[in-house]
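Work through the exercises below with the sequence and the structure at hand. Try each task before reading its solution.

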Amino acid sequence: MLNRKIYLFLFYLILFINGCATVPRQPVIAPGQGIYHTVGSGQTIYRIAKTYNVDIQELMRINRINDPTHIEVGQKLFIPGAKVPLPVEVYRPIPQELVEKLVGPKHLSSQRCYITIHHSATLEGNAECFDRYHRHRKMGGLFYHFVIGNGRGSGDGEIEVGWRWKRQEEVNRPYDIQICLVGNFNKELVSNAQFDALVKLIRVLCRQYNIPLENIRRHQDVADKFTECPGSNFPFYQLLTELKQN
Ligand SMILES: [Zn+2]
């Protein structure tokens with residue numbers, strides 16, 4: 001009996017030393033384990049967090065960053081759990097001319113007075129899959145005029161034009177333009193590229209349709225039922241401040 005115990009002990013000891021591949025082990029990040037990433041030109045904390053698959057808010061907390069829009073080239077960021085430095089996609093703001101081209105010329109027949117902002121409440125997606133989902137929910141297809149991607153399902157900061165905008169069809173509120181940002185902003189942050197695209201898109205729409213700033217609103221501001229849309233992390237006041245400048 002005692003021998004059997006000793007054999008078993010030795011068996012597990014050998015397994016432990018060799019590292020048994022059949023026993024799944026949870027990756028445990030020991031305190032201090034990780035690497036330093038040196039911020040390169042055009043990199044954002046959003047893209048860095050996505051590249052290393054770490055939570056952006058956790059990354060900001062560890063590196064004592066309060067404002068995600070302000071990181072500097074050459075700054076060293078501690079990336080918990082990472083083993084090697086990875087190449088990070090450079091942030092390229094969407095060109096103004098492209099935004100104007102996507103919006104197209106003013107539709108003389110349509111009166112647009114409001115802009116309502118949503119989040120998809122999903123971590124990824126694009127106009128095509130939301131269209132499918134909205135058809136499935138018997139909403140008659142994509143409920144948004146514009147969808148702004150987050151790099152998962154469509155490009156980060158990419159503006160997709162929905163078919164309702166192309167056909168100038170109303171959604172459910174007359175005179176309203178519906179913009180959806182891909183992401184769940186109760187859990188994550190709006191990417192720099194999305195924010196930049198949103199500001200440019202709203203500027204073009206406001207100019208074309210003479211929409212005053214006070215008519216830009218979040219879904220939660222107009223919903224008949226309770227909704228947190230577009231999420232507690234959506235930087236609405238930052239957006240209004242940005243739009244007020246020129
Ligand atoms: Zn919404």
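**Exercise 1: the sheet**

In this predicted model, an open sheet of 5 strands has mixed pairing and the order S5-S4-S6-S3-S7. Find which strands stand at the edges.

Solution. Start from the order S5-S4-S6-S3-S7. Strand S5 (156-161) and strand S7 (216-218) each have a single partner strand, so one side of each lacks a neighbour in the sheet. These two are the edge strands. From one strand to the next, the twist averages 20 degrees.

**Exercise 2: a strand pair**

State how strand S3 and strand S6 run, and how many bridges join them.

Solution. Strands of a sheet can pair in parallel or antiparallel fashion, through backbone hydrogen bonds. S3 (residues 114-119) and S6 (residues 176-181) run parallel, joined by 6 bridges. For Ile115, the bridge partner in S6 is Ile177.

**Exercise 3: two helices**

Decide how H7 lies relative to helix H9, and list the residues in contact.

Solution. The angle between H7 and H9 (residues 236-244) is about 55 degrees, and their axes are 10 Å apart. Angles from 65 to 115 degrees would count as roughly perpendicular and those under 35 as roughly parallel, so H7 is oblique to H9. The crossing is right-handed. H7 contributes Leu198, Val199, Ile202 and Arg203 to the contact, and H9 contributes Leu239, Glu242 and Leu243. Sorted by class, the contact has 5 nonpolar, no polar and 2 charged residues.

**Exercise 4: helix H2**

Name the buried residues of H2 (residues 45-52) and the elements they pack against.

Solution. Ile45, Tyr46, Arg47, Ile48 and Ala49 are buried. The buried residues of H2 pack against strand S1 (34-38), helix H3 (56-62), strand S2 (76-80) and helix H7 (192-209). Just after H2 comes Asn53, with a positive phi of about 55 degrees.

How values were computed
Residues numbered from 1 in each chain as written. Predicted model: local features only at pLDDT ≥ 70, side-chain atom pairs only at ≥ 80, totals over all residues. Buried ≥ 20, exposed ≤ 12 C-beta atoms within 10 Å, placed from the backbone. Helix = DSSP H or I, 4+ residues; strand = E, 2+ residues; numbered from the N terminus. Contact = placed C-beta atoms within 7 Å. Axes fitted to C-alpha atoms, helices over the stretch in contact; angles between N-to-C directions. Parallel < 35°, antiparallel > 145°, perpendicular 65-115°, else oblique. Left-handed = near helix turned anticlockwise from the far one by under 90°. Nonpolar A, V, L, I, M, F, W, Y, C, P; charged D, E, K, R; others polar. Pairing = 2+ DSSP bridges.
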